[in-house]
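Biologist: Before we discuss labels, could we look at the chain together and then ask, term by term, what each label rests on?

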Amino acid sequence: MRFTATMLMSLGFALSAGPLTGQTLPHVRTLSGFAAPEGVVVDPATGMAYVSNMASPPETFWKDTGKGFISRLRPDGTLDALRWVESTDAFVLNQPKGMAIQDGKLYVADNTRVLVISLASARPLAALKVAGAQQLNDLAADGQHVYVSDTATGKILRLDLGAQGRHETVGEIEGINGITFRQGGFYAVSWTLHEIYELSLTGAHGPKAFGLSQQFTNLDGIEVMPDGSFIVSDYMGRKVAAVSADRRQVKTLYELTTPADIGIDHERKRLYVPQLESDTVVILSLSAR
Ligand SMILES: [Ca+2]
């Protein structure tokens with residue numbers, strides 16, 4: 001999810017504008033026809049990939065105008081249904097962004113709510129209100145709980161999936177965007193601080209910065225590889241990059257414009273990159289890694 005150019009300038013950011021050069025991941029295919037795609041999540045049980053489309057101009061990315069839809073891709077990366085779930089009067093989508101999957105359900109960040117959709121039937125199951133939420137951006141699930149980040153408030157909330165709505169704040173990082181779980185670790189990236197963090201959700205320690213903020217411009221998505229290394233998307237830096245497991249080395253994997261919230265199919269070793277401002281999803285191969 002991006003900030004406007006005006007907001008960036010007001011924050012003192014310089015926009016990088018280097019040439020697009022070395023592409024170190026094999027390109028599998030690029031799918032077009034999306035509408036401001038913000039995120040991709042892959043269901044490890046089926047290999048199906050889900051793409052959130054905000055279907056809105058930038059000035060209403062964070063406004064509840066009832067726009068948006070979810071696309072579904074087959075495990076081979078071909079399009080299954082562009083409008084797998086649509087915004088309707090009965091079940092409104094507001095500029096859907098980050099997603100997570102747990103227990104056969106798709107959780108979708110929807111500005112100030114989290115939507116719950118059945119993966120098997122595409123039926124809406126719930127729309128969780130999140131009190132105090134302003135800009136819900138990404139979701140992560142650890143098998144038990146579902147967490148959501150709020151870029152405006154900097155908060156990470158553990159969602160109460162029951163009817164009580166007692167969501168709990170478990171961490172705070174300015175400008176937080178992508179969040180992910182892997183092998184017991186919880187990781188986050190900040191858009192404004194262009195840094196990667198490890199968090200303790202038990203309060204054992206505060207957010208631990210990787211110390212790599214000089215390498216990035218505005219981070220959006222983060223995933224963890226089986227070897228403990230990381231893949232992040234730098235939206236304004238126009239690249240997806242690998243960060244070594246020891247958190248010291250950053251290597252550009254692929255240069256492309258406006259890469260938003262990435263998704264990984266670990267089984268098929270594929271990386272899905274939504275290009276928000278060109279309405280495409282680029283699929284790259286991770287087989288050589
Ligand atoms: Ca995002």
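Biologist: Which residue stands opposite Ser52 in S4?

Modeller: Ser52 stands opposite Ile70 in S4; please keep in mind throughout that this is a predicted model.

Biologist: What makes S3 and S4 a pair of strands?

Modeller: Two strands pair if DSSP finds at least two bridges between them, and five bridges join strand S3, residues 49–53, to strand S4, residues 69–73, so the criterion is met; the two strands run antiparallel.

Biologist: Which strands belong to the open sheet that contains S3 and S4, and in what order?

Modeller: The open sheet has four strands in the order S2-S3-S4-S5, with antiparallel pairing. Its edge strands are S2, residues 37–42, and S5, residues 79–86, each of which pairs on one side only, and the twist from one strand to the next averages 20°.

Biologist: Why is Gly68 called buried or exposed?

Modeller: Gly68, which lies in the loop between S3 and S4, has 26 C-beta neighbours inside 10 Å, and because the label "buried" requires 20 or more, Gly68 counts as buried. Leaving aside its neighbours within four places in sequence, Gly68 is in contact with residues including Asn53, Met54, Ser87, Leu93 and Pro96. By contrast with those contacts, Val40 is 28 residues from Gly68 in sequence and 14 Å away in space, C-alpha to C-alpha.

Biologist: Why is Val170 described as buried, exposed or partly exposed?

Modeller: Val170 lies in strand S13 and has 17 other C-beta atoms within 10 Å; since "buried" begins at 20 and "exposed" ends at 12, Val170 is partly exposed. Not counting residues up to four places away in sequence, Val170 touches Ile156, Leu157, Arg158 and Leu201. The C-alpha atoms of Val170 and Lys155 are separated by 7.6 Å, although these residues are 15 apart along the chain.

Biologist: How do you know that S12 and S13 are paired?

Modeller: S12 and strand S13, residues 168–172, pair in the antiparallel sense over four bridges, and since two are enough for pairing, the requirement is satisfied; in S13, the bridge partner of Arg158 is Glu168. Strand S11, residues 146–150, is joined to strand S12, residues 155–158, by three bridges, and these two also run antiparallel, with Leu157 in S12 as the bridge partner of Val148. S11 and S12 form a hairpin with four residues between them, and Gly154 in the turn has a positive phi of about 80°.

Biologist: What makes S14 largely enclosed?

Modeller: Five of the seven residues of strand S14, residues 176–182, are buried, so S14 is largely enclosed by the rest of the structure. Five bridges join S14 to strand S15, residues 185–190, in an antiparallel arrangement, and in S15 the bridge partner of Arg182 is Gly185. The hairpin of S14 and S15 has two residues between the strands, and Gln183 takes a positive phi near 50° there.

Biologist: Which strands are the edge strands in the sheet S1-S24-S23-S22?

Modeller: In this open sheet of four strands with antiparallel pairing, the edge strands are S1, residues 27–32, and S22, residues 263–265, because each pairs on one side only. S22 and strand S23, residues 270–275, pair in the antiparallel sense over three bridges, and Gly263 stands opposite Tyr272 in S23.

Biologist: How do you know that the radius of gyration agrees with a compact globule?

Modeller: With 289 residues, a compact globule would have a radius of gyration near 19 Å, and the chain has 17 Å, which agrees. The C-alpha trace spans about 45 × 40 × 40 Å along its principal axes, and the chain contains one helix and 24 strands.

Biologist: Which residues have the most contacts inside the largest nonpolar core?

Modeller: That core has 80 residues, and those with the most contacts inside it are Val114, Leu139, Ala188 and Val232. Not counting residues up to four places away in sequence, Leu139 touches Val114 and Val148, among others. Across the whole chain, buried residues make up 46% of the 289 residues.

Technical notes:
Residues are numbered from 1 along each chain as its sequence is written. This is a predicted model: local features need pLDDT of at least 70, side-chain atom pairs count only at pLDDT 80 or more; totals for chains, interfaces and linings use all residues. Axes are lines fitted to C-alpha atoms, for helices over the stretch in contact, and angles run from 0 to 180 degrees between N-to-C directions. Two residues are in contact if their C-beta atoms, placed from the backbone, lie within 7 Å. The radius of gyration is taken over C-alpha atoms; the globule rule is 2.2 Å times the number of residues to the power 0.38. A nonpolar core is a set of buried Ala, Val, Leu, Ile, Met, Phe, Trp, Tyr and Cys residues joined through C-beta atoms within 7 Å.
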